[in-house]
Amino acid sequence: MKNYRFTIALIYDFDGTLAPGNMQEYDFIPAVGKSNKEFWHEANSLAEEQDADGVLTYMARMIREAKSKGLSIRREAFRESGRKVALFTGVKEWFQRINRYAEKRGIRIYHYINSSGLKEIIEGTDIAREFRKIYACSFLYDVDGVAYWPAVAVNYTTKTQFLFKINKGIESVYDSKLVNRYVPEKQRPIPFRRMIYFGDGTTDIPCMRLVKSSGGYSIAVYNPSQKGARRDLGALIHDNRVNYVCPADYSDGSEIDTLVKTIIDKIDLDDRLAALQADNDNDKQ
């Protein structure tokens, strides 16, 4: 077992961050005979009509549409959909490369998902094993293994709770006591200043702003094939919500690859300087 000096958390949204588009659009929505536009319009219209949460209404539509077409809504069926999800360039190789880079400096990397997408679909992707924990929407399943009700719904504000869970080393979604218990900053496993958050849209803004304002690093990513996407995200820097904007190309030597390695170097140097300062302060006593 390796002895690490400390841990850095890399926390990712999924849709539009690690994969183009929405995960339901690769397999589930075509299977129920809808166009992407139709499905999302119906889910969003239901939310507006009922003054409901859009995440809960999309989950309700998934169950309704699948039942109406006689499709399986077992956990295994959702995971099978995850195998069809495409990923941005370099994503599959990204995790091990970044892990090795940090390990050479005595630093451990934990990767997390923080998504409004479906956990069961993410669990079916090629990269599911790379994550310490997947925080995402999920269903309750009956004794026959069939989904019947939302278990976890993750929207733009509830996403922030998982940052505090990571900060305090609490991985259970259910636990609401420990996460609200006071823990001195020095005793928290992953301080915010050692977090890097990756997101692409409005549902990530509260998390990106929280991480940035707490001393960590927020990176807004965009699909490099979409014209004007970088310009559209520029306002996030202007509004002091993110530190950087990068194309979602995770290949070796890419802009985001260089940026994250540089951030790791900075966190490493900050830790070394803090240790030197502490030694110096002790010498004065």
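## A buried valine, a sheet and two pockets

Val32 counts as buried, because its relative accessibility is 0%, and buried means under 20%. This is a predicted model. Val32 is found in the loop between α1 (28–31) and α2. Which residues does Val32 touch, leaving aside its neighbours within four places in sequence? The contacts are Glu65, Ala66, Lys69 and Leu71. Tyr135 is another story. Val32 and Tyr135 are 103 residues apart along the chain, and their C-alpha atoms are separated by 26 Å.

**The sheet**

Now turn to the strands. Seven of them form an open sheet with mixed pairing. Read across the sheet, the order is β4-β3-β2-β1-β5-β6-β7. Which strands stand at the edges? They are β4 (147–152) and β7 (244–247). Each has a single partner strand, so one side of each is left without a neighbour in the sheet. On average, neighbouring strands are turned by 25 degrees against each other, direction ignored.

Look inside the sheet next. β2 pairs with strand β3 (residues 133–141) in the parallel sense, over 4 bridges. Ile113 stands opposite Ile134 in β3. A helix also packs on this sheet: α7 (residues 159–168). Helix α7 touches β1 (6–12), β2, β3 and β5 (195–199). The direction of α7 makes about 160 degrees with that of β2.

**The pockets**

Rolling a probe the size of a water molecule over the atoms shows where empty space is left. Here are two pockets side by side.

| Pocket | Volume | Nonpolar lining residues | Polar lining residues | Charged lining residues |
|---|---|---|---|---|
| Largest pocket | about 680 Å³ | 12 residues | 14 residues | 7 residues |
| Second largest pocket | about 270 Å³ | 4 residues | 1 residue | 7 residues |

Start with the largest pocket, at about 680 Å³. It is lined by 33 residues, and the closest to its centre are Asp15, Asn22, Asp200, Gly201 and Thr203. Several elements give two or more residues to this lining: α2 (36–50), α3 (54–68), β2 (107–118), β6 (217–222) and α9 (229–238). Which element gives the largest share? It is α2, with 5 residues.

The second largest pocket has a volume of about 270 Å³. Among the residues that line it are Glu185, Lys186, Arg188, Arg193, Arg194, Asp270 and Asp271. Pro191, Gly215, Tyr217, Ile267 and Ala274 line it too. Helix α10 (residues 255–284) gives the largest share of this lining, 4 residues.

Definitions and conventions. Residues are numbered from 1 along each chain as its sequence is written. This is a predicted model: local features need pLDDT of at least 70, side-chain atom pairs count only at pLDDT 80 or more; totals for chains, interfaces and linings use all residues. Side-chain values use heavy atoms; hydrogens and water are left out. On a 1 Å grid over the protein atoms alone, a cavity is a set of points where a 1.4 Å probe fits but cannot get out, and a pocket is an open set with protein on both sides within 12 Å along at least five of seven lines; lining residues have an atom within 4 Å of a point. Grid points are joined across faces, edges and corners, and a volume is the space filled by probe spheres set on the points. Ala, Val, Leu, Ile, Met, Phe, Trp, Tyr, Cys and Pro count as nonpolar, Asp, Glu, Lys and Arg as charged, and the others, Gly among them, as polar. Two strands pair if DSSP finds at least two bridges between them. Axes are lines fitted to C-alpha atoms, for helices over the stretch in contact, and angles run from 0 to 180 degrees between N-to-C directions. Contact means heavy atoms within 4.5 Å. Buried means under 20% relative accessible area, exposed over 50%, partly exposed in between (1.4 Å probe, protein chains only).
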